[in-house]
Amino acid sequence: MDYKKTNAPTTTVTRDMMELCSDTGNVYETVAIIGKRANQISVEIKNDLSKKLAEFASYTDNMEEVFENREQIEISRYYEKLPKPDLIATQEYVEGKIYYRNPAKEKEKLQ
């Protein structure tokens with residue numbers, strides 16, 4: 001997923017917790033859902049960054065290392081400017097893009 005195209009804010013936004021938890025009816029369940037999604041996003045971003053930086057890895061010292069280092073710095077700056085994973089996850093939750101289920105609640109409905 002291209003996280004640069006997300007419309008998540010890059011800074012912290014104050015949100016109405018009662019509005020956020022209207023789907024689940026429980027603030028803690030909502031926070032758990034957003035937290036788990038934020039962890040997934042964080043792992044994806046970290047893997048992408050590691051793959052891109054691995055391309056520039058050199059195991060020998062030479063003069064070209066300075067130029068390669070600049071490219072690494074640019075890639076790192078790009079990822080630093082992205083919205084944080086928790087902000088992306090919250091925005092996805094607000095937009096209804098996160099699928100979640102609670103097996104305990106499903107079991108109660110069946111009984």
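**A tour starting from V94**

Begin by selecting V94, which lies in helix α4; helices here are DSSP runs (H or I, at least four residues), strands are DSSP runs of E with at least two, and both are numbered from the N terminus. The model is predicted, so local features need pLDDT of at least 70 and side-chain atom pairs count only at pLDDT 80 or more, while totals for chains, interfaces and linings use all residues. Residues are numbered from 1 along each chain as its sequence is written, and side-chain values use heavy atoms, with hydrogens and water left out.

Is V94 buried or exposed? V94 is partly exposed, with a relative accessible area of 44%; buried means under 20%, exposed over 50%, and partly exposed in between (1.4 Å probe, protein chains only). Next, display R15 and L20: V94 is in contact with these residues, its neighbours within four places in sequence being left aside. Contact means heavy atoms within 4.5 Å. Then select I34, whose C-alpha atom is 9.9 Å from that of V94, although 60 residues separate the two along the chain.

Now select the whole of α4, residues 85-95. Its buried residues are L87, I88, A89, T90, Q91, E92 and Y93, and they pack against α1 (17-20) and α2. Move on to G96, just after α4, where phi is positive, at about 75°.

Add helix α2, residues 27-54, to the view. The axes of α2 and α4 are 8 Å apart and the helices pack at an angle of about 125°; axes are lines fitted to C-alpha atoms, for helices over the stretch in contact, and angles run from 0 to 180 degrees between N-to-C directions. The two helices are therefore oblique to each other: angles under 35 degrees count as roughly parallel, over 145 as roughly antiparallel, 65 to 115 as roughly perpendicular, and the rest as oblique.

Which residues of α2 meet α4? They are T30, I33, I34, R37, A38, I41 and S42, and they face P85, D86, I88, A89, T90, E92 and Y93 in α4. An α-helix has 3.6 residues a turn, so residues three or four places apart point the same way.

Finally, show the entire protein. It has 5 helices and 0 strands, in the pattern α-α-α-α-α along the sequence. Of its 111 residues, 24% count as buried. Among contacts with a separation of 6 or more, 74% are between residues 24 or more positions apart.
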